[in-house]
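Subject: Structure handover and notes on its charged side chains

Hello,

I am handing over the structure we spoke about, and I would be glad if you could keep it open while you read the notes underneath.

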Amino acid sequence: MQIAVSGGKGGTGKSTVVINLAIALRDYFDLTLADLDVEAPNDHILLGIKLQNEEPVKLFMPRFDYFKCIRCKKCAEVCEEHAIITMKDGTPFLMPTLCSGCGACQIVCPVEGAILEGKKLMGYTYLTETPYGFPLVTGKLLEGEERAMPIVVAAKKRAKALNKELLIVDTAAGTSNTVSKALEDSQLIIAVTEPTPLGLHDLELILKLADIIGIKTWVVINRSDLGNKDAVKELARKYNARIIAEIPYSENILKSYVEGKPIVLSDCEEAEIFRKLAEEVANYLR
């Protein structure tokens, strides 16, 4: 089984929710947490752990053997990213930053060995044991790289390979193709939002995406006492999304965030919100 914690807008408290939810759900399931916000992963920081068991993620990158190349230009013609350009005589050159690593150029090349399989390092995945009884799989894109999809795919594959009863996915903000890939195979999406105009706008984007891919969605309103909750509730009704929890602005939550100590483990009244959320999720999945 898989659930995903997402949210159109960044900074809504998505990571705080997923960390506390994962810790609460360990009483119900043998689980894995996957941080697929590969451009800015921070679940390990909130869990107070250092990333371990690094594995590189490399992308196919064509290399040309100019002694074998017949200058037919087919590689450039098939490249949808226009990453291969050719001189007047047909000599191909690669612009690495545009290459998506699809391998089409190698497939269409009529001369065996004219295009060799090179590799480009895109980032890393990590498998880290947490002190809370479940592993954390993290994807991390190299600084300066633009293509996050290979890291998301590799991290999700590594998380699934652990064969746990439940996979909890923490997605990036927004509704990009990497978010769609992270949401794929989920039985439930928990969209974290805040009652602000921008929070409302981006919540609608994630609810539209969930509707398109056909995944049931619940909404968590964070900092619920600092804005217009009625607008969030109206939007949730529009997309048949259930508002499952409301989290008020809390100094206790802020303090736990700074200290790297999940609030669900405390005796604060806010901790009960996450315990009830975990119970609702467990009942739904069962």
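What follows is a walk through the charged side chains, with a short stop at a surface patch.

Please keep in mind throughout that this is a predicted model.

Salt bridges

The structure holds 14 salt bridges, and I describe some of them here. As general background, side chains of opposite charge can pair when their charged atoms come close.

One of the salt bridges joins lysine 120 to glutamate 145, with 3.4 Å between the closest N and O atoms. This pair links distant parts of the chain, since lysine 120 sits in strand E6 (residues 115–129) while glutamate 145 sits in the loop between strand E7 (135–141) and H5, 25 residues apart. Glutamate 145 is partly exposed, and its relative accessible area is 22%.

Glutamate 272 and arginine 275 also form a salt bridge, in which the closest N and O atoms are 3.3 Å apart. Both residues belong to helix H10 (residues 269–285), where they are three residues apart, or about one turn of the helix. Glutamate 272 counts as partly exposed because its relative accessible area is 35%, and arginine 275 is likewise partly exposed, with a value of 33%.

Elsewhere, salt bridges that share partners connect Lys229, Lys233 and Glu246 into one network. Within this network, glutamate 246 lies in strand E11 (residues 242–247), and it is partly exposed, with a relative accessible area of 29%. The side chain of glutamate 246 makes a polar contact of 2.9 Å with the side chain of lysine 229, although the C-alpha atoms of these two residues, which are 17 residues apart along the chain, are separated by 9.3 Å. Leaving aside residues up to four places away in sequence, glutamate 246 touches Ile221, Ser224, Lys229, Lys233 and Ile273.

A buried lysine

Which side chain of opposite charge is nearest to lysine 156, and how far away is it? The nearest one is aspartate 185, at 4.3 Å, and lysine 156, which is buried, has no salt bridge. The reason is the cut-off, because a salt bridge needs a side-chain nitrogen of Lys or Arg within 4 Å of a carboxyl oxygen of Asp or Glu.

Lysine 156 lies in helix H5 (residues 149–160), and its side chain has polar partners on the backbone: a polar atom of this side chain lies 2.8 Å from the backbone oxygen of lysine 181, and the side chain also reaches the backbone oxygen of alanine 182 at 3.1 Å. When residues up to four places away in sequence are not counted, lysine 156 touches Gln2, Leu36, Lys181, Ala182, Leu183, Glu184 and Asp185.

Two of these neighbours, lysine 181 and glutamate 184, meet through their side chains in a salt bridge of 3.1 Å, N to O. Lysine 181 is partly exposed, with a relative accessible area of 27%, and glutamate 184 is partly exposed as well, at 36%.

A nonpolar patch

Finally, Tyr66, Ile85, Met87, Phe93, Met95 and Leu98 form a nonpolar patch on the surface, and together they have about 500 Å² of accessible area. Among them, methionine 95 is found in the loop between strand E5 (92–94) and helix H4 (104–108), and it counts as partly exposed because its relative accessibility is 31%.

With best wishes

Note on methods: Residues are numbered from 1 along each chain as its sequence is written. This is a predicted model: local features need pLDDT of at least 70, side-chain atom pairs count only at pLDDT 80 or more; totals for chains, interfaces and linings use all residues. Side-chain values use heavy atoms; hydrogens and water are left out. Helices (H or I, at least four residues) and strands (E, at least two) are DSSP runs, numbered from the N terminus. Buried means under 20% relative accessible area, exposed over 50%, partly exposed in between (1.4 Å probe, protein chains only). Contact means heavy atoms within 4.5 Å. A polar contact is a pair of N or O atoms within 3.5 Å; within protein, one must be able to donate a hydrogen and the other to accept it, and residues adjacent in sequence count only if both atoms are side-chain atoms. Patches are made of residues with over 30% relative accessible area and no salt bridge: like charges are joined within 9 Å, nonpolar side chains (Val, Leu, Ile, Met, Phe, Trp, Tyr) within 5 Å. Accessible areas come from the Shrake-Rupley method with a 1.4 Å probe; for residues, only the protein chains shown count as cover. Lys and Arg count as positive and Asp and Glu as negative; His and the chain ends are not counted.
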